[in-house]
Amino acid sequence: MKKHILLVVAALVLVACKDVDEAAVLNPNRNVTFNFTQNWEGDEITNADYQTTEYTNAHGETMTISKLRYLISDIAFTDENGDSTIIKGYNLVNAREATNTQYKPAKKIQEGTYTLSFTFGFEKEDNIDGAYPDLTSADWNVPEDLGGGYHFMQLEGTFIDNTGTVAPYLYHTIRAANKTDDALELQDTSFEVDLGTVTVKEGVVYEIKMDVAEWFKNPNEWDLNELNSNLMGNFGAQLKMSENGRTVFSLGETTIVEE
Amino acid sequence: MTVFKNIPTFVLTVACALLISSCAKEETNKTEQAEEGYEPTPLALQTPVLFQEKLDSPVIPADNPQTVEGVALGKKLFFDPILSGNNTLACAGCHIQEEGFSDSRQFSPGIDGVEGRRNSMPLFNLAWNHKETFFWDGRAISLENQALEPVIDPVEMHNTWPNAVSSLQAAPEYPELFAKAFGTSTIDSTLVSKAIAQFVRTLISGNSRYDQYLRGEIELTQAEQNGLNVYKDEERGDCFHCHGTPPNNLLWTDNDFHNNGLDKTFDDLGRGAITGDPREFGLFKTPSLRNLAYTAPYMHDGRFETLEEVIDHYSEGLVYSETIDPLMKAVGEGGVQLSEQDKQDLKAFLLALSDESFINNPDFQNK
């Protein structure tokens, strides 16, 4: 009996605690969820498409995709006054294996209207060699000779080259590194992706779409015959990939999921 | 956090806290009763400092914590042929410490003299396989599940679990050892597998020349240093994309599955036989590059006797098949054609990943 009373008391405490902060009642903090999806010019890429479905890139090569992993970091909600709430942290999406295609950060965002943005890859300050053991487990590191830190994306597969032969491509993006005999010049190639205006509500889920075809399209039409592997150490190629990445992402559906 | 505005709220909070602590107490009482007051002694894994710095924490299941008594029992079981159908073959018969807990025979014969079709795998640092997929094809999930298989595998220990358990139950010393490790003298296959998994988790190797170099204790030789560069250079070895990037991935494997260009067609479908997915035909788990000095022969079928053969394979022996990994470059020419110097240096570097203190560690010996 005594316990029952205590239970009621405990429930009251919880309710009481919740009620105190009046600002939070007007504008409560909400969980937000991000779903990462991938498509080729609008056709969704599902597990069954890897290694089998043939795509034609802007330059005209027939290609398949066997692996697609990419890292995004520091999702930001910026309000109309320009104040940002930043979700510090990263999410490594493995599109083929469908791991981390859903990202539910612990941090909550206050209800309201914002512009939504994130960083593709790691900005310089966060790209710290060896700092994230889980990314090491995922074999996501970049050798020190190329500046260390982490990959931003690994897009791999095969294409039919201009002799008609099946050849591999390894479209790996990292911070650009120019290695000469006595120096290592590094240039940050991460970039901010602006997804436009969103409304934060309880249970909101944002779809973040990647159109893989865009990596091969603009502004640099990509010729896989010229640039297919050994791109990590290719400074110029890294800059071009970074440029092409700017149009890859867009905001998809916004849905509400009742918990 | 908001401060409570009035006294009643404060009182309620205290009441609430009391409630929580009273509940907690009740629960402890319950578990103590079940185990009749006995708790085995917790035992921390001897994790190398570099692993602590660079790697995720090891996988230890909540329902099988490491204990002094559990590890001791697991070790005894690992070396005891009692688990096999005719009392002749222990785990240690195919996982030999001097050979990095693998087997220098291409295929290890089981108790009936029949050989399996795969090379025995070395055993170390397995608690850091965060994907928890074991065997060349990853068919066992968790070390506990893995340990159940060899005992009943017809080409290995060829026993049945009921038989193995009754032999242990009838043996003079085992019931008491299980009581010490798990609080019960009633033996079953789950407890056997738990004890063995605890011992296997203690097999840790982290003291190679390369580790010593990272700790600032020694210098690498010129050859080892150049070999490391070959390993990391995407235009030459490009080994790091699967075997891990130094100085961070000290496991030397991604614990993932790949086809590294050994065959045109597959006698052994590897990962694909487990998943049934033709896109995974001929994929095998990337083995660690630690302790290669002791673990010959190499590859899932032990086809290469020397590291020279392995390096020649990657340099000019690659064979095309549909599932070959895109990281295998210039397959048309058999590979990227490393220079003789680079090959020798790569070998020197690979050997610098071998850890003599591991194969001589008395904790892992049957005493």
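## Exercises on cavities, pockets and backbone geometry

Helix 10 (240-243), strand 4 (284-285), helix 12 (307-316) and helix 13 (340-351) of chain B each contribute at least two residues to the lining of the largest cavity. The exercises below start from that lining, and they concern a predicted model.

**Exercise 1.** Describe the largest cavity by its volume, its lining residues and the classes to which these belong.

*Solution.* Begin with the count, which comes to 3 cavities of 30 Å³ or more; the largest cavity has a volume of about 720 Å³. Next, take the lining of the largest cavity, which is made up of 42 residues, with His243(B), Asn260(B), Met299(B), Val310(B) and Tyr314(B) lying nearest the centre. Then ask which element gives the most to this lining: it is helix 12 of chain B, with 4 residues. Finally, sort the lining of the largest cavity by class, which yields 24 nonpolar, 13 polar and 5 charged residues.

**Exercise 2.** Describe the second largest pocket by its volume, its lining residues and the elements that supply them.

*Solution.* The space in the second largest pocket comes to about 1000 Å³. Its lining consists of 44 residues, and those nearest the centre of the pocket are His95(B), Ser120(B), Met121(B), Phe135(B) and Gln146(B). The elements giving two or more residues to this lining are helix 4 (143-152) and helix 7 (189-201) of chain B, and helix 4 of chain B gives the most, with 5 residues. As a last step, the lining of the second largest pocket divides by class into 26 nonpolar, 12 polar and 6 charged residues.

**Exercise 3.** Place the cis peptide bond between Asn218(A) and Pro219(A) and the one between Pro246(B) and Pro247(B) in their chains.

*Solution.* As background, most peptide bonds are trans. For the bond that joins Asn218(A) and Pro219(A), omega is about 5° and the bond is cis; Pro219(A) is located in the loop between strand 15 (204-211) and helix 4 (235-245) of chain A. In chain B, the bond between Pro246(B) and Pro247(B) is likewise cis, with omega at about 5°, and Pro247(B) belongs to the loop between helix 10 and strand 3 (257-258) of that chain.

**Exercise 4.** Glu132(B) has a positive phi, as does Trp252(B); find the loop and the degree of exposure for Glu132(B) and for Trp252(B).

*Solution.* Take Glu132(B), which is not a glycine and yet has a phi of about 55°. Glu132(B) sits in the loop between helix 3 (68-79) and strand 1 (133-134) of chain B, and it counts as partly exposed because its relative accessible area is 22%. Turn then to Trp252(B), also not a glycine, for which phi is about 65°. Trp252(B) lies in the loop between helix 10 and strand 3 of chain B, and with a relative accessible area of 0% it is therefore buried.

**Exercise 5.** Which residues form a nonpolar patch on the surface with about 240 Å² of accessible area together, and where is Ile160(A) found?

*Solution.* The patch is formed by Ile160(A), Val166(A) and Tyr320(B). Ile160(A) is part of strand 10 (residues 153-160) of chain A. As to exposure, Ile160(A) has a relative accessibility of 33%, so it counts as partly exposed.

Note on methods
Residues numbered from 1 in each chain as written. Chains lettered and ligands numbered in written order. Predicted model: local features only at pLDDT ≥ 70, side-chain atom pairs only at ≥ 80, totals over all residues. Heavy atoms only, no water. Patch = residues over 30% accessible without salt bridge, like charges linked within 9 Å, V, L, I, M, F, W, Y side chains within 5 Å. Areas by Shrake-Rupley, 256 points an atom, 1.4 Å probe, with all protein chains shown as cover. Salt bridge = Lys/Arg side-chain N within 4 Å of Asp/Glu carboxyl O. Buried < 20%, exposed > 50% of the residue type's maximum accessible area, 1.4 Å probe, protein only. 1 Å grid on protein atoms, 1.4 Å probe; cavity = no way out; pocket = protein on both sides within 12 Å on 5 of 7 lines; lining within 4 Å. Points joined across faces, edges and corners; volume = space filled by probe spheres on them. Nonpolar A, V, L, I, M, F, W, Y, C, P; charged D, E, K, R; others polar.
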